[in-house]
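Biologist: I've got the sequence and the model up on my screen, and I'd like a close look at one strand and what sits around it. Could you walk me through its partners, its turns and the core it feeds?

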Amino acid sequence: MLLDDVSGPTQLGSGDSWTSVSHAFGLVTLDARTSEGRGRSSSSIGVGGGGDGWAVRLGYAALRDDVTALGGTMQSRFGGEDETRMTAVSLEGAADLGDWRLSGAMEAAEPRLKGLDINGLWTSSWTLSAQHPFAGGVLRFSAAQPRRAEGGELSFRAPIEITKSGRLIYEDRFAGLTPSGREVDFEAAWMVPLGDMTTLETAIALATQPNHVEDASDASAFWISVRHAW
C-alpha cells in the first residue's frame with residue numbers, strides 16, 4: 001500500500017539482506033523468511049495450503065528493532081534507548097470470486113520494550129484487499145489498520161514534588177498504552193503494463209485518525225509512477 005506501516009517488518013533497501021525458502025508436501029507448504037537492514041531484522045515460519053482459486057497461511061514471526069520502539073519513541077522519553085523485541089501470530093488468506101481476487105491478513109503480537117516496566121501489552125493489525133481487471137490493467141481496493149496497542153500499562157516512578165531543601169519526592173505512576181483513536185487506511189490503485197518491460201501505476205490513499213490519534217486530521221496521498229526494467 002501507498003501508506004506504509006513504520007512498525008511493520010523490515011523494508012528492504014540498498015545493502016539490506018533477505019532469505020526466503022519454501023517446500024511443498026502435497027497440499028501443504030512450509031516456508032521460512034528472514035530480512036535485515038538499518039538496525040531492524042525479522043524472521044518468520046509458516047504453514048499454508050490451497051486449492052483451485054484459494055490459499056491460506058498461518059505464520060509465526062519475530063521482529064528485532066534496535067533503533068525504534070516499533071517505528072516510534074518510548075524508552076528515549078525516559079532517558080534510555082529505543083529498542084523492541086516482538087513475536088506475532090498471523091493468518092493470511094486469498095480467494096477468487098468470479099473476476100475478483102480477494103485477500104486479507106490479521107495479526108496479534110506481543111511487543112517487549114527493554115528497560116520499561118510494562119504489563120499486558122499486545123497489538124493488532126489487519127488488511128483487506130480486492131482486485132479486478134480494469135482497462136487493460138488491474139484495479140485494486142485496499143483497507144488496513146496499522147499495528148495498534150490494544151492493551152497494556154506502563155508503570156514508572158515520577159518526580160511529583162521538590163522540598164525546600166531541594167530533595168525530590170517520587171510516586172508510582174501508571175499510564176495506559178492504548179491510544180485514543182484507531183487509524184484505518186483506504187487505498188485505490190490501478191496498475192497497467194505499457195509494454196513488456198514498462199508499467200504505469202497510480203494510487204490514491206486516505207488515512208483516518210493517523211497514528212491512532214482520535215482528534216488528528218485525516219491525511220491523504222497521491223502517487224503516480226512509471227517503472228521500466230533495463
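Modeller: Happy to. Strand 8 and strand 9, the latter covering residues 168–176, run antiparallel and are joined by nine bridges. Keep in mind that this is a predicted model. If you want a spot to click on in that pairing, isoleucine 162 stands opposite leucine 168 in strand 9. The two strands form a hairpin with five residues between them, and in that turn glycine 166 has a positive phi of about 95 degrees.

Now go to the other hairpin. Strand 7 pairs with strand 8 as well, in the antiparallel sense, over 15 bridges. Here phenylalanine 134 stands opposite glycine 137 of strand 8, and the hairpin has two residues between its strands. One residue to look at is alanine 135, which lies in the loop between strand 7 and strand 8. Its phi is near 50 degrees, a positive value in a residue other than glycine. Alanine 135 counts as exposed because its relative accessible area is 56%, and the cut-off for exposed is over 50%.

Strand 8 has another partner in strand 10, residues 184–193: the two run antiparallel, with seven bridges joining them. To find your way there, look for phenylalanine 141, which stands opposite alanine 188 in strand 10.

So much for the pairing; on to the side chains. The largest nonpolar core has nine residues in all: Ala69, Met74, Leu113, Leu116, Ile118, Leu121, Ala149, Leu154 and Leu177. Strand 7 (117–134) and strand 8 (137–162) are the elements that give two or more residues to this core. Try centring your view on leucine 116: leaving aside residues up to four places away in sequence, leucine 116 touches Met74, Gln75, Phe78 and Leu154. There is also a second, separate core of five residues, and among them are Leu63, Met86, Ala88 and Ala109.

Two other places are worth a click while you have the model open. Aspartate 16 is in the segment before strand 1 (17–25). With a relative accessible area of 17%, aspartate 16 is buried, and its side chain makes a polar contact of 3.2 Å with the side chain of arginine 38. Then there's asparagine 211, in the loop between strand 11 (198–208) and strand 12 (219–228). Asparagine 211 has a positive phi of about 60 degrees although it is not a glycine, and at 65% relative accessibility it counts as exposed.

Note on methods. Residues numbered from 1 in each chain as written. Predicted model: local features only at pLDDT ≥ 70, side-chain atom pairs only at ≥ 80, totals over all residues. Heavy atoms only, no water. Core = buried A, V, L, I, M, F, W, Y, C linked by side-chain atoms within 4.5 Å. Buried < 20%, exposed > 50% of the residue type's maximum accessible area, 1.4 Å probe, protein only. Helix = DSSP H or I, 4+ residues; strand = E, 2+ residues; numbered from the N terminus. Contact = heavy atoms within 4.5 Å. Pairing = 2+ DSSP bridges. Polar contact = N/O pair within 3.5 Å; in protein donor to acceptor, adjacent residues only side chain to side chain.
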